[in-house]
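Here is a short report on one protein structure. Look over the sequence and the model first.

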Amino acid sequence: FNGPAAGAICRYLGFRHGKQITADKKMKPISDLPFGKTNVYCYHDDTLITSPSCNADDYGQLGWPLCTPEEQIAVQCFDEMWRVDVGFNMVERNGKMSCPVKVLKEGGEMKLKNMDVHVKWGGVHLLAGDDYETEYFEEGVHVVSKGKFSKKKGFRARFIGNKMDYDCYFCDIYMGDHIMNPWPDKNHNCPTDYNDENGDMNDNMNNNMS
């Protein structure tokens, strides 16, 4: 069994990708199934298990598989290789902000606590027409960070600047020097009607950072 075979099985089930994972050690032997395959492998990772570039032999002459836990394999199926979901919340009366983050890679959620992941907070100036300007905040000047990263609430901070200087606010997530959410969507609290009328805001917010 190999990685391309895991992807082929998952595509046969309607997913876009798949990978082999360690089967549960408590998994009981599977018996009395109407089918069984062995010597499963593929040469390419863009095919179905029924493709000529894949091999899957019927399981012996019994007509059904009788596998021990050590002989069984498991696959994890998913549609996206990776995705970064970033949200934004702000309490206007006290300036408290939160930036929840969830990073999914190959169908599993990544743990961010021990990674070089950090947040940048910023403000948005809505201009005439569909134009706008954005700027990142400085720690101690515009914002004060609150505690460490939390899986439930993400990153937290309090805005201490002048609220009259900005029309709305946002947060971006970085790993080192690289932004993790290059196509912002829900990482700001700008008016919904503005986003609907000016679709380029979500697509191009990071291109206008000052």
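The report covers a surface patch, two residues and a sheet.

This is a predicted model: local features need pLDDT of at least 70, side-chain atom pairs count only at pLDDT 80 or more, and totals for chains, interfaces and linings use all residues. Residues are numbered from 1 along each chain as its sequence is written, and side-chain values use heavy atoms, with hydrogens and water left out.

**Two residues**

| Residue | Relative accessibility | Class |
|---|---|---|
| Leu-48 | 38% | partly exposed |
| Asp-58 | 56% | exposed |

Buried means under 20% relative accessible area, exposed over 50%, and partly exposed in between (1.4 Å probe, protein chains only).

Leu-48 sits in the loop between strand E2 (37–42) and strand E3 (54–58). Strands are DSSP runs of at least two residues, numbered from the N terminus. Asp-58 belongs to strand E3. Leaving aside neighbours within four places in sequence, Asp-58 is in contact (heavy atoms within 4.5 Å) with Gly-36, Lys-37 and Thr-38. Asn-39 is 19 residues from Asp-58 along the chain, and their C-alpha atoms are separated by 8.7 Å.

**The patch**

Leu-48 also joins Tyr-12, Leu-13 and Phe-15 in a nonpolar surface patch. Together they have about 410 Å² of accessible area, by the Shrake-Rupley method with a 1.4 Å probe. Patch residues have over 30% relative accessible area and no salt bridge, and nonpolar side chains are joined within 5 Å. A salt bridge is a side-chain nitrogen of Lys or Arg within 4 Å of a carboxyl oxygen of Asp or Glu.

**The sheet**

Four strands form an open, antiparallel sheet in the order E11-E10-E14-E15. Strands E11 (132–136) and E15 (178–179) are at the edges, each with a single partner strand, so one side of each lacks a neighbour in the sheet. Two strands pair if DSSP finds at least two bridges between them. Five bridges join E10 (residues 117–126) to E11. Gly-122 stands opposite Tyr-136 in E11.

How values were computed. Patches are made of residues with over 30% relative accessible area and no salt bridge: like charges are joined within 9 Å, nonpolar side chains (Val, Leu, Ile, Met, Phe, Trp, Tyr) within 5 Å.
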